[in-house]
Amino acid sequence: MCGNEALAESAIIAGLDAYFGYPITPQNEIPAYMSRRMPEEGGVFLQSESELAAINMVFGASATGKRVMTSSSSPGISLMQEGISYLAGAELPAVVVNVMRGGPGLGNIAPSQGDYFQATRGGGHGDYRTIVFGPSTVQELVDCMPLAFDLADQYRMTVMILADGILGQMMEPVVLEKKPRRKLPAKDWALTGAEGREQHIVRSLLLKDGALEELNCKLQAKYRKIEREEVICEEYAVEDAEIVVVAYGIAARIVRSAVERARQEGIKAGLIRPVTLWPFPTKQISEAADEMKVFLTVEMSCGQMVEDVKLAVAGKAPVVFYGRSGGNVPSVDDILDRIRELSVPAKA
Amino acid sequence: MALVFARTPTLKDCPTHYCAGCGHGVAHRLVAETVDEMGIRGRTIGIAPVGCAVLAYDYLDIDMIEVAHGRAPAVATGMKRTNPDKIIFSYQGDGDLAAIGTAEIIHAAHRGEQLTVIFINNAVFGMTGGQMAPTTMIEQVTATTPRGREASDQGYPLQIAELLAVLPGTNYVERCSLHNASHIRKAKKAIRRGFELQVEGVQGLSFIEILSACPTYWRMTPERSMEWIEKDMTKVFPLGRLKG
């Protein structure tokens, strides 16, 4: 099973009611898989006329209380930003998978991490956030799906899975199992027909004095809670490290090999791997920076997450960036060279 | 004394924000009466557009959602596909449905989604200040056609009902008008037919276009507006059943 199919099956196991999507490479295995499996499960699969329509179909199904998702790749996710902003304003849960490809524009179909800014800053108009996962293995991709649906339902917001072309196409053995759901609030806001009750309204237009700021304050309070409680981060050999590499997703797997080889050479390197990109592991990185370490951020972009690393380090230590873009993947040797360069002044 | 007329319960007892002579109030009432007469309030979900009718949920006492400009047919699709037992309708203006939302309405109709669409055609963008809509008449002066719409520059009025009627996915297409009492009664019958087809589970999208006045941005009195619908608009947008 490739990563795209594995995440699709994981979503079905997590209780997916409906999938809406539009073809785009490199995520086409997801709609193809869903078109076969969703009818078998009594669920809904629909190929939309555009990504705009897909995210709005998600909007409609979500408003009726269903578990619903869509998937796309970078240019398609840009089109969906209108709907993602409306989902935020209307506080509707949804899961959106972005199997990133090279950009800007039509770019290419090779793997990239160039959509980090778009994903972690909300992406569309207005003051909002989405929870963002940056898994680095197919198993982690599988495991974050049920959690993504639970978080979407719990916080009534969009959760984005930020994968890339490699992860989507990669085949790895995975364990697929039904996980117990979190204790979730009842969807007592859903549109089900106002039988025997007052009407429900799902809206994001708030014209009355102060009403929109009130919504924004409510959203921000929710986001602060998520920042406190939902950060997931993996640390490897950080404790005694003099050089800490920060990387996520598929880039982090390459970094891990480079860090292991650096250790074999006697260089004290370590890895901090954010699993949630928002909320970002600011605290973990800030604490590592207290030890006066050097930070190297490695991304398949021209430098996006590095800004969050700098904000977390807050000037306490140097932060260096190494990245490849345009669909190129950094090699272990490239990263190891950068680690070696950084270790020279440390030895002197 | 016997009660001979009462406000239908699904129409809320409150003043609307609509201008004098605007057709939205009448169209809302027709929808509300239909929902009550058919006894489907408890399983109906309405979709409000972007435009003057965005606040339709303030006047219609049913479950409602407000959506991005033009996207109502996609949102309705998401709702109906996951809730086939519910009655889903969208209420959209011409800026919403015939401009930015053309792809969504064409494809919802082309897929034969089981939906009822109420399309209010007043030949102008109302809420944003009276700009040209795709349905604006030739020579009609708007905020963005100060010399009047010219076909050579801005194209011809878009006849959406005719476009949709040729698609196999529509089961009913009718164009009505609100310019006098007899046409208001016809419009109500058409709305009822649209809802009935969905309740009966007849595959396909039912589409009711309603010519409706915007005296404010037509720069006419309400009375003159009704004449303009009857004498001018109906020449470009002929009334009657196109399908079903």
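Which residue does B:Arg175 stand opposite in strand 6 of chain B? The close-ups below take that up, along with a few neighbouring spots, in what is a predicted model.

**View 1. B:Arg175 and its partners on two strands.** Here's the reply to the opening question: in strand 6 of chain B, the residue opposite B:Arg175 is B:Glu209. Now look at strand 7 of chain B, where B:Arg175 has B:Gly240 as its bridge partner.

**View 2. Strand 5 of chain B and the strands it pairs with.** Strand 5 covers residues 170-177 of chain B. Follow it to strand 6 (residues 205-211) of chain B: seven bridges join the two, and they run parallel. With strand 7 (residues 240-243) of chain B, strand 5 shares three bridges, and this pair runs antiparallel. Why can we call strand 5 of chain B largely enclosed by the rest of the structure? Because eight of its eight residues are buried.

**View 3. A strand, a helix and another strand.** Keep strand 5 and strand 6 of chain B in the picture and add helix 7 of chain B: together they make a right-handed β-α-β unit. That helix spans residues 181-199, and B:Ala187 sits in it.

**View 4. Zooming in on B:Ala187.** Is B:Ala187 buried or exposed? Count the other C-beta atoms within 10 Å and you get 26; the cut-off for buried is 20 or more, so B:Ala187 is buried. Leaving aside residues up to four places away in sequence, B:Ala187 touches B:Leu30, B:Cys176, B:Ser177, B:Leu178 and B:Ile210. Have a look at B:Glu174 too: B:Ala187 is 13 residues from it in sequence, and their C-alpha atoms are 8.8 Å apart in space.

**View 5. Where chain B meets chain A.** This contact takes in 29 residues of chain B and 35 residues of chain A. On the chain B side, strand 1 (44-48), strand 2 (63-66), helix 2 (72-82) and helix 4 (102-110) each chip in with at least two residues. Which of chain B's elements gives the most to this side? That's helix 2 of chain B, with eight residues. Sort the chain B residues that touch chain A by type, and you find 13 nonpolar, seven polar and nine charged.

**View 6. Strands paired across the two chains.** Strand 7 (residues 201-202) of chain A and strand 2 of chain B run parallel, joined by two bridges. To spot the pairing, find A:Ile201: its bridge partner in strand 2 of chain B is B:Met64.

Key:
Residues numbered from 1 in each chain as written. Chains lettered and ligands numbered in written order. Predicted model: local features only at pLDDT ≥ 70, side-chain atom pairs only at ≥ 80, totals over all residues. Helix = DSSP H or I, 4+ residues; strand = E, 2+ residues; numbered from the N terminus. Buried ≥ 20, exposed ≤ 12 C-beta atoms within 10 Å, placed from the backbone. Contact = placed C-beta atoms within 7 Å. Pairing = 2+ DSSP bridges. Right-handed = clockwise from strand over helix to strand, strands pointing away. Nonpolar A, V, L, I, M, F, W, Y, C, P; charged D, E, K, R; others polar.
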